[in-house]
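Colleague: I'd like a close look at just one part of this one: the salt bridges. Please take me through them pair by pair, with the cut-offs you used.

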Amino acid sequence: MSDLNPPGRAIAITQGDCAGIGPETIAKAFRDAPEVLRGCFAVGEVATMRRASDAVLRNGDSSLPVAVIANPDDAWSVPARCLPVLPLAGLPGPAPWGQISRQAGEAAARCVEWAAEAALQGRIAALVTAPLHKEALALAGVDFPGHTELLQAAAAQHAGVALADMPVRMMLANDELRTVLVSIHVALRDALDAVTQPQILETLRITHAALTRTLGRAPRIAVAGLNPHAGEGGRFGREEIETIVPAIEAARALGMDVHGPFAPDTVFMRARNAPGHPGEFDVVLAMYHDQGLIPVKYLGVEKGVNVTLGLPLVRTSPDHGTAFDIAGKGLADASSLIEAVRMARQLAG
């Protein structure tokens, strides 16, 4: 089934939690954007993906066939509007729509682990991850709270280094705004403790390196303050004075184009690249999860893409969760997944 000379390495899309909308969005993407999805394939369980294919059929639609492939490069030989699936042996079948389960969490994690290893070995160009459910992961005994941490652990193991020596960061991006987070999936109290000079400087270093490769030039980075009004000269907190400013100065000494700290309630507007309003910055460094993600998601979940920075592989993801409340109803929007594939292809070169 493989082409003798495929145009390039294929891109793997992990099925995500099979009780959520991940498989549906994958099926819709292959149905609606065949040119974008050419050379991509789903990693997962065949019955799960066939159920998703059936769920997205519209009145008058013919079926969306599922093609079982044996190797990543076989994806290039699958016709348009056909869903290539590389099945993993021993995966549990589809769980009931909208229900948290250990089996779904286990299957989602195994797909991510396979795709990460394939990317690290150079067998695929990139991986795009459909959403998983963190509670289902925990029920399956997975020690990591999400994709970012799973991939960090896989990359560290592959490189033979400690987890702390494989620092990663989350970037959420769309056409108008990019944000990178100092801390990710931790309680807010713990996120405040993560606002240290080494953590901020490491985040700036990872952001600068990743976006320099993407943009072909040094990015202009804005740093958000932690406190209201960026501390108002110490009246509302001293983290800006004692921690954030020294990190910015250290980054500048290393040749990075970094500015701030700016008031968090206005810096994202300044960085937004909208019609008639070119953004002042290429990216905003946010101090914690919600500070950085709310502005991007407000601009439209369907446009957002999650990118993991700092890994020796390309990983992107749609900017939404499992949406158990609409799973199986054919209502899920595949736009963010399609954008994640576009960005993965761009980043993979």
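**The salt bridges, pair by pair**

Modeller: Let's start with an acid: aspartate 257 has 28% relative accessibility, so it counts as partly exposed. That label sits between buried (under 20% relative accessible area) and exposed (over 50%), worked out with a 1.4 Å probe on protein chains only. Before going on, a word on the ground rules: this is a predicted model, so local features need pLDDT of at least 70 and side-chain atom pairs count only at pLDDT 80 or more, while totals for chains, interfaces and linings use all residues. Residues are numbered from 1 along each chain as its sequence is written, and side-chain values use heavy atoms, with hydrogens and water left out.

Now, what does aspartate 257 pair with? Its side chain meets that of arginine 220 in a salt bridge, at 3.9 Å from N to O. The cut-off for calling a salt bridge is a side-chain nitrogen of Lys or Arg within 4 Å of a carboxyl oxygen of Asp or Glu. In total, the structure holds 11 salt bridges by that rule. The arginine 220 and aspartate 257 pair links distant parts of the chain, 37 residues apart: arginine 220 is in strand S8 (residues 220-224) and aspartate 257 in strand S9 (residues 257-262). Strands here are DSSP E runs of at least two residues, helices are H or I runs of at least four, and both are numbered from the N terminus. As for the arginine's surroundings, arginine 220 comes out at 33% relative accessibility, so it is partly exposed too.

Next up is a pair made by glutamate 242 and arginine 238, whose side chains meet at 2.7 Å, N to O. Arginine 238 is also in the partly exposed class, because its relative accessibility is 42%.

Then there's glutamate 280, which bridges to arginine 270 with 2.9 Å between the closest N and O atoms. Arginine 270 belongs to helix H9 (264-271), whereas glutamate 280 lies in the loop between H9 and strand S10 (283-286), so this bridge ties together parts that are 10 residues apart in sequence. How accessible is each partner? Glutamate 280 is partly exposed because its value is 38%, and arginine 270 gets that label because its value is 27%.

Finally, there's a network to look at: Glu176, Arg272 and Lys303 are joined into one by salt bridges that share partners.
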